[in-house]
Amino acid sequence: MLSETDSSCMSRPLDLVFIIDSSRSVRPSEFEKVKTFLADMVDTLDVGADATRVAVVNYASTVKTEFLLKDHFNKPDLKRAISRVEPLATGTMTGLAIKTAVSEAFTEQSGARPRPRNIAKVAIIVTDGRPQDQVEEVSAAARASGIEIYAVGVDRADMRSLQLMASIPLEDHVFYVETYGVIEKLTSKFRETLCGVDPCAMGHDCEHVCVNSNASYYCKCRNGYILNADKKTCSLKQVKVEVVEDPCKCEARLAFQKQTQATIQQLTAKIADVSKRIERLESTVGRG
């Protein structure tokens, strides 16, 4: 079993629903291996109310929703709930199981996050037989509603049915194992597929801070800076200087008056000086 510290998926929260076949063809020992696979998958995920939520839909000729997305928000509780799941025996009503998952497990009332939250909705179907009902239309409707479907076939599973159920590209969404004894080997494959990578850790072009956002990232600036139009670089935040205006313009009027008075004084002094010069000239002419 994978260790939690080495394998937790931290970068992509999911609303994840396992749809598991427990028809008569699945022997009790094989069904236990399916439950071990589910428990190992839980170990690889970052489980929590704000991270990945998990539900299980069990089916044969009837369908039973074992627990909902809103029921368990930690790994120990989830694994105990998985351990309590019992096989239903007869029939393989895969289409009915998918329809039930859409109408019961993937609803907001059952714990699925609202569409604006942009949380990926994923269904993983595990079956070893050929469906006894139609799967093409119900699968297409589920995919159209935004659910990404992975189909895992074991032993006698019908490959054509798996392809009709799964999302595209099929090479990324259809898996086959020869026996239930090796199904656990798919755990690491699913971990790579569901978790993806940490975009910030893989390299980014943010000048200051890179923030993970689902399978992508966005840039932020440190305090005192603002993000530029390129959404990558940062500029120092400009400090706005508040200008207090004088509504009545009193200061401006006083300044104008002072300037006018000074000009008048200068002109008066010049006129007085000119007058004195004229007087001196006249007195000089008179003496001559």
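A residue is called buried when its relative accessible area is under 20%. Keep that cut-off in mind as you explore this predicted model.

**Stop 1: Serine 161**

Select serine 161, which sits in helix H6 (residues 159-165). Is it buried or exposed? Its relative accessibility is 9%, so serine 161 counts as buried. Now show its surroundings: leaving aside residues up to four places away in sequence, serine 161 touches Pro131 and Val135.

**Stop 2: The whole protein**

Zoom out and colour by secondary structure. You will find 9 helices and 10 strands. The protein has 288 residues, and buried ones make up 40% of them. Of the contacts with a separation of 6 or more, 69% are between residues 24 or more positions apart.

**Stop 3: Serine 22**

Next, select serine 22, in the loop between strand E1 (14-21) and helix H2 (28-44). Serine 22 is buried, because its relative accessible area is just 1%. What does serine 22 touch, not counting residues up to four places away in sequence? Phe31, Asn58, Tyr59, Ala60, Pro87, Leu88 and Ala89. Look closely at asparagine 58: a polar contact of 2.7 Å links its side chain to that of serine 22.

**Stop 4: Helix H2 meets helix H8**

From serine 22, move along to H2 and add helix H8 (residues 186-195) to your selection. The axes of H2 and H8 come within 10 Å and cross at roughly 40 degrees. The two helices are therefore oblique to each other, and the crossing is right-handed.

Turn on side chains to see who meets whom:

- From H2, pick Phe37, Asp40, Met41 and Thr44.
- From H8, pick Leu186, Thr187, Phe190, Arg191, Leu194 and Cys195.

By type, the residues of this contact are 6 nonpolar, 2 polar and 2 charged.

**Stop 5: Helix H4 meets helix H5**

Now choose helix H4 (residues 94-105) and helix H5 (residues 136-144). They pack at an angle of about 25 degrees, and their axes are 8 Å apart. This angle makes H4 roughly parallel to H5. Here the crossing is left-handed. H4 brings Gly95, Ile98, Lys99 and Val102 to the contact, while H5 brings Val138, Ser139 and Ala142. Sorted by type, these residues are 4 nonpolar, 2 polar and 1 charged.

As you look down a helix, a general point may help. An α-helix has 3.6 residues a turn, so residues three or four places apart point the same way.

Stay with H4 and select its buried residues: Thr94, Gly95, Ala97, Ile98, Thr100, Ala101 and Ala105. What do they pack against? Their partners are E1, strand E2 (53-59), strand E3 (63-67), strand E4 (120-127), H5 and H6. That last helix, H6, is where serine 161 is found.

**Stop 6: Some backbone surprises**

Before this stop, here is some background. Most residues other than glycine have a negative phi, and most peptide bonds are trans.

Select aspartate 155, in the loop between strand E5 (147-154) and H6. Its phi is near 55 degrees, a positive value in a residue other than glycine. Aspartate 155 is partly exposed, with a relative accessible area of 30%.

Go on past H6 to proline 169, in the loop between H6 and H7. The peptide bond leading to proline 169 from isoleucine 168 is cis, with omega near 0 degrees.

Leucine 170 belongs to helix H7 (residues 170-173). This leucine is partly exposed, at a relative accessible area of 30%. Try the distance tool from leucine 170 to isoleucine 149: they are 21 residues apart in sequence, with 9.9 Å between their C-alpha atoms.

**Stop 7: Strands E9 and E10**

For the last stop, select lysine 231, in the loop between strand E9 (225-227) and E10. Lysine 231 has a positive phi of about 60 degrees, although it is not a glycine. Its relative accessibility is 57%, so lysine 231 counts as exposed.

Finish in strand E10 (residues 234-236) with serine 235. Serine 235 is partly exposed, at 29% relative accessible area. Apart from residues up to four places away in sequence, serine 235 touches Gly224, Tyr225, Ile226 and Asn228. With asparagine 228 there is a side-chain polar contact of 2.7 Å. Glycine 224 is 11 residues from serine 235 along the chain, and their C-alpha atoms are separated by 8.7 Å.

Definitions and conventions
Residues are numbered from 1 along each chain as its sequence is written. This is a predicted model: local features need pLDDT of at least 70, side-chain atom pairs count only at pLDDT 80 or more; totals for chains, interfaces and linings use all residues. Side-chain values use heavy atoms; hydrogens and water are left out. Helices (H or I, at least four residues) and strands (E, at least two) are DSSP runs, numbered from the N terminus. Buried means under 20% relative accessible area, exposed over 50%, partly exposed in between (1.4 Å probe, protein chains only). A polar contact is a pair of N or O atoms within 3.5 Å; within protein, one must be able to donate a hydrogen and the other to accept it, and residues adjacent in sequence count only if both atoms are side-chain atoms. Contact means heavy atoms within 4.5 Å. Axes are lines fitted to C-alpha atoms, for helices over the stretch in contact, and angles run from 0 to 180 degrees between N-to-C directions. Angles under 35 degrees count as roughly parallel, over 145 as roughly antiparallel, 65 to 115 as roughly perpendicular and the rest as oblique. A crossing is left-handed if the near helix is turned anticlockwise from the far one by less than a right angle, and right-handed if clockwise. Ala, Val, Leu, Ile, Met, Phe, Trp, Tyr, Cys and Pro count as nonpolar, Asp, Glu, Lys and Arg as charged, and the others, Gly among them, as polar.
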